[in-house]
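Let's take a friendly walk through a protein chain together. Have the sequence and the 3D view ready, and pause to find each residue as it comes up.

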Amino acid sequence: MILVTGATGTVGRALVDRLVAAKTPVRALTRRPAAAKLPEAVDVVAGDLGDPTSIAAALRGVDRVFLLTTGPEIPVHDANLLHEAARAGVTHVVKLSSGRTGDDTATDPIPSWHRLGEQALRDSGLAWTILGPLGFMANALHWADSIRHQDSVFAAYGHGRIAVTDEHDIAAVAATVLTSDGHDGRTYRLSGPEALSPGEMTAVLADVLGRPLRFIEVEPARARQAIVDHGVSELMADAIMALRATALESFTSTVHPTVAEITGIRPNSFKEWAARHIADFA
Ligand SMILES: NC(=O)c1ccc[n+]([C@@H]2O[C@H](COP(=O)([O-])OP(=O)(O)OC[C@H]3O[C@@H](n4cnc5c(N)ncnc54)[C@H](OP(=O)(O)O)[C@@H]3O)[C@@H](O)[C@H]2O)c1
């Protein structure tokens with residue numbers, strides 16, 4: 001049995017679907033089972049990564065775990081899960097981390113939180129694998145409102161390119177690592193097939209949607225305010241903006257061959273991702 005945390009989110013949901021399609025027994029942890037909308041074959045359990053008792057219950061009969069944690073709680077939630085996993089006899093934990101933990105100059109919050117989680121995983125005594133994507137194509141969904149209502153994309157750091165990854169490719173790597181041998185002790189940096197700037201992504205979306213879109217570069221302070229206006233905490237907004245600023249660095253634009261090496265399938269382009277998500281922008 002594989003326990004998937006973050007199963008209702010972008011990557012976790014794609015992983016659950018993949019495991020179910022392969023008829024792999026899968027359990028999903030969520031704080032709100034009634035709202036989870038997961039496939040029938042999934043054993044959906046209520047739990048909170050901040051609550052060790054609920055984690056222990058979710059781990060009964062589990063031998064492998066996909067560990068996805070978010071925000072400032074990453075170090076504590078990783079530690080909670082790892083502590084209970086070691087007690088429960090779990091054999092292998094695959095942690096979704098940040099590709100930027102491999103960049104020694106990245107001292108901003110998100111890679112720093114993940115580095116603590118990675119260290120706890122290495123120290124846990126469990127078999128482990130770390131997946132480090134650089135940036136999700138799905139972040140473009142944050143532009144959906146302005147595309148729908150203003151035919152425009154507003155973003156900071158317009159010259160920065162990120163080798164963005166399709167969540168389906170991250171899920172494909174995770175499924176392979178969870179269900180085959182040879183990945184113990186490995187850290188895989190993941191990327192899509194090309195590095196794109198927000199303006200280039202806007203051009204791809206315009207092409208796929210079949211209508212002109214404008215790209216408008218905005219000051220970082222305005223972009224930060226837009227994140228806060230969406231209900232994100234000030235702490236997390238600062239962390240996200242610090243992350244976005246690193247799009248200007250060469251580290252985030254490096255294309256890695258790992259998705260194809262691990263899964264045997266070439267990673268999806270942003271155009272393929274956008275074609276799958278037309279309804280979100282229409
Ligand atoms: N976005 C990027 O560009 C990017 C790039 C590299 C790495 N990453 C990393 O990817 C991860 C985010 O993945 P994602 O976008 O797929 O996540 P997401 O869509 O934001 O979903 C978050 C998931 O975490 C679960 N969750 C949140 N708090 C929880 C808690 N206290 N207990 C149990 N479950 C909890 C939620 O489940 P319920 O609400 O159902 O409980 C949900 O399934 C982060 O670690 C991030 O650093 C992101």
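## A word to start with

A residue is called buried when its relative accessible area is under 20%, and exposed when that value is over 50%; anything in between is partly exposed. Take W273 as a trial case: its relative accessibility is 0%, so W273 counts as buried. Please keep in mind that you are looking at a predicted model.

## The whole chain

The chain contains 12 helices and nine strands. Is its overall size in line with that of a compact globule? Let us put that another way: what radius of gyration would a compact globule of 282 residues have, and what does the chain have? The expected value is near 19 Å and the chain has 19 Å, so the two agree. Along the principal axes, the C-alpha atoms fill a box of roughly 55 × 35 × 35 Å.

Of the 282 residues, 50% count as buried. The chain exposes about 12,700 Å², and carbon and sulfur atoms supply 53% of that area. Among contacts with a separation of 6 or more, 74% are between residues 24 or more positions apart. As for charge, there are 26 positive and 33 negative side chains, and the centres of these two sets lie 3 Å apart.

## A cluster of aromatic rings

A pair of aromatic rings is described by the distance of the centres and the angle of the planes. How many aromatic pairs does the structure hold? It holds two. In one of them, F270 and W273 are stacked, with 5.4 Å from centre to centre and 10° between the planes. Both residues belong to helix α11, which covers residues 270-276, and they sit three residues apart, about one turn of the helix.

W273 also pairs with F281, this time edge-to-face, at 6.1 Å centre to centre and with 70° between the planes. Together, F270, W273 and F281 form one aromatic cluster. Are these rings' residues buried or exposed? F270 has 1% relative accessibility, so F270 counts as buried. W273 and F281 are buried as well.

## Buried residues with polar or charged names

Next, look at R27 in strand β2, which spans residues 26-30. R27 has a relative accessible area of 11%, and because this is under 20%, R27 is buried. Beyond its neighbours within four places in sequence, R27 is in contact with a long list of residues, including M1, L3, V42, D43, A57 and R60.

N80 is part of helix α3, residues 74-88. With a relative accessible area of 16%, N80 is buried. Leaving aside neighbours within four places, the contacts of N80 are L49, G50, P52 and I55. E118 is found in helix α4, residues 109-122, and is buried too, with a relative accessible area of 3%. Its contacts, again leaving aside neighbours within four places in sequence, are K95, S97, S98, T101 and I130.

## Sequence steps and distances in space

How far from E118 is the C-alpha atom of Q150, 32 residues apart along the chain? The two C-alpha atoms are separated by 41 Å. P220 and T252 are also 32 residues apart in sequence, and their C-alpha atoms are 18 Å apart.

P220 lies in helix α8, residues 220-229. At 29% relative accessibility, P220 falls between 20% and 50%, so P220 counts as partly exposed. Not counting residues up to four places away in sequence, P220 touches A156, Y157 and M241.

## Two residues with positive phi

Most residues other than glycine have a negative phi. K37 is not a glycine, yet its phi is positive, near 50°. You can find K37 in the loop between β2 and β3. Its relative accessibility is 71%, which means that K37 counts as exposed.

D151 has a positive phi too, of about 50°, although D151 is not a glycine. Where does D151 lie? Its place is the loop between α5, residues 144-150, and β7, residues 152-155. With 32% relative accessibility, D151 counts as partly exposed.

How values were computed: Residues are numbered from 1 along each chain as its sequence is written. This is a predicted model: local features need pLDDT of at least 70, side-chain atom pairs count only at pLDDT 80 or more; totals for chains, interfaces and linings use all residues. Side-chain values use heavy atoms; hydrogens and water are left out. Helices (H or I, at least four residues) and strands (E, at least two) are DSSP runs, numbered from the N terminus. The radius of gyration is taken over C-alpha atoms; the globule rule is 2.2 Å times the number of residues to the power 0.38. Buried means under 20% relative accessible area, exposed over 50%, partly exposed in between (1.4 Å probe, protein chains only). Contact means heavy atoms within 4.5 Å. Accessible areas come from the Shrake-Rupley method with a 1.4 Å probe; for residues, only the protein chains shown count as cover. Lys and Arg count as positive and Asp and Glu as negative; His and the chain ends are not counted. The place of a charge is taken as NZ of Lys, CZ of Arg, CG of Asp or CD of Glu. Rings of Phe, Tyr and Trp (its six-membered ring) pair if their centres lie within 6.5 Å; planes under 30 degrees apart count as stacked, over 60 as edge-to-face and the rest as tilted.
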